[in-house]
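Me: Hey, can you walk me through this protein? I'd like to go over the basics and then the charges.

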Amino acid sequence: MRWVMIWAFLLLVAGAYLSARAWGLWGQTKELGSELVIAQRRLDEVERQLEELAESSGPRQLAVLSGAAAARDTWDLARAARRRARWWHRQFPTQ
């Protein structure tokens, strides 16, 4: 009879321990679920802003598909901007 009481006590302690662990796991699962909901809302907002940005900027034409003259004009404008920037930094150094 004494051994039966010891085994019953051990089973009761093990059940209490497993119940506490399961309760903690349930709390962590609920917390993870709420964090996932928050992350999904943030991701939806970022995707919406990205779509608005893509719509407002319009589709860009690839340089390969544009004409040679247009590509050269773009290159010349960028080159002139770089030259102006170098001139400005020579005239007004930032030291």
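**Surface, helices and charges**

Reply: Sure, starting with the surface: the protein has an accessible surface of about 9,500 Å², and carbon and sulfur atoms account for 65% of that. Accessible areas come from the Shrake-Rupley method with a 1.4 Å probe, and for residues only the protein chains shown count as cover. Keep in mind that this is a predicted model, where local features need pLDDT of at least 70 and side-chain atom pairs count only at pLDDT 80 or more, while totals for chains, interfaces and linings use all residues. Residues are numbered from 1 along each chain as its sequence is written, and side-chain values use heavy atoms, with hydrogens and water left out.

Me: How many helices and strands are there in the protein?

Reply: Two helices and zero strands. Both terms refer to DSSP runs numbered from the N terminus: helices are H or I with at least four residues, strands are E with at least two. Helix 1 covers residues 2-57, and helix 2 covers residues 68-91.

Me: And what share of the residues is buried?

Reply: 0% of the 95 residues. Buried means under 20% relative accessible area, exposed means over 50%, and partly exposed is in between (1.4 Å probe, protein chains only).

Me: Ok, switching topic. Which residues make the nonpolar surface patch?

Reply: Trp3, Ile6, Trp7, Phe9, Leu10 and Val13 make it, and the patch is about 700 Å². Patches are made of residues with over 30% relative accessible area and no salt bridge; nonpolar side chains (Val, Leu, Ile, Met, Phe, Trp, Tyr) are joined within 5 Å, like charges within 9 Å.

Me: Why does Trp3 count as exposed?

Reply: Because its relative accessibility is 63%. Trp3 is found in helix 1.

Me: What about charge? Which residues gather in the positive patch?

Reply: Arg79, Arg82, Arg83, Arg86 and Arg90. Lys and Arg count as positive, Asp and Glu as negative, and His and the chain ends are not counted. The place of a charge is taken as NZ of Lys, CZ of Arg, CG of Asp or CD of Glu. One of the patch members, Arg82, sits in helix 2 and is partly exposed at 39% relative accessibility.

Me: And the negative one, who's in there?

Reply: Asp44, Glu47, Glu51 and Glu55. Glu51 lies in helix 1, and it's exposed, with a relative accessible area of 51%.

Me: How many salt bridges does a search of the whole structure find?

Reply: Three. A salt bridge is a side-chain nitrogen of Lys or Arg within 4 Å of a carboxyl oxygen of Asp or Glu. Glu45 pairs with Arg48, the closest N and O atoms being 2.4 Å apart. Arg48 also pairs with Glu52, again with the closest N and O atoms 2.4 Å apart.

Me: Why are Glu45 and Arg48 separated by about one helical turn?

Reply: Because they are three residues apart in helix 1. Arg48 and Glu52 are four residues apart in helix 1, so about one helical turn separates them too.

Me: Are those residues buried or partly exposed?

Reply: Partly exposed: Glu45 is at 35%, Arg48 at 36% and Glu52 at 41%.

Me: Where's the remaining bridge, the one with Asp76?

Reply: In helix 2, where Asp76 and Arg72 are four residues apart, about one turn of the helix. Their closest N and O atoms are 3.4 Å apart. Going back to helix 1, salt bridges that share partners join Glu45, Arg48 and Glu52 into one network.
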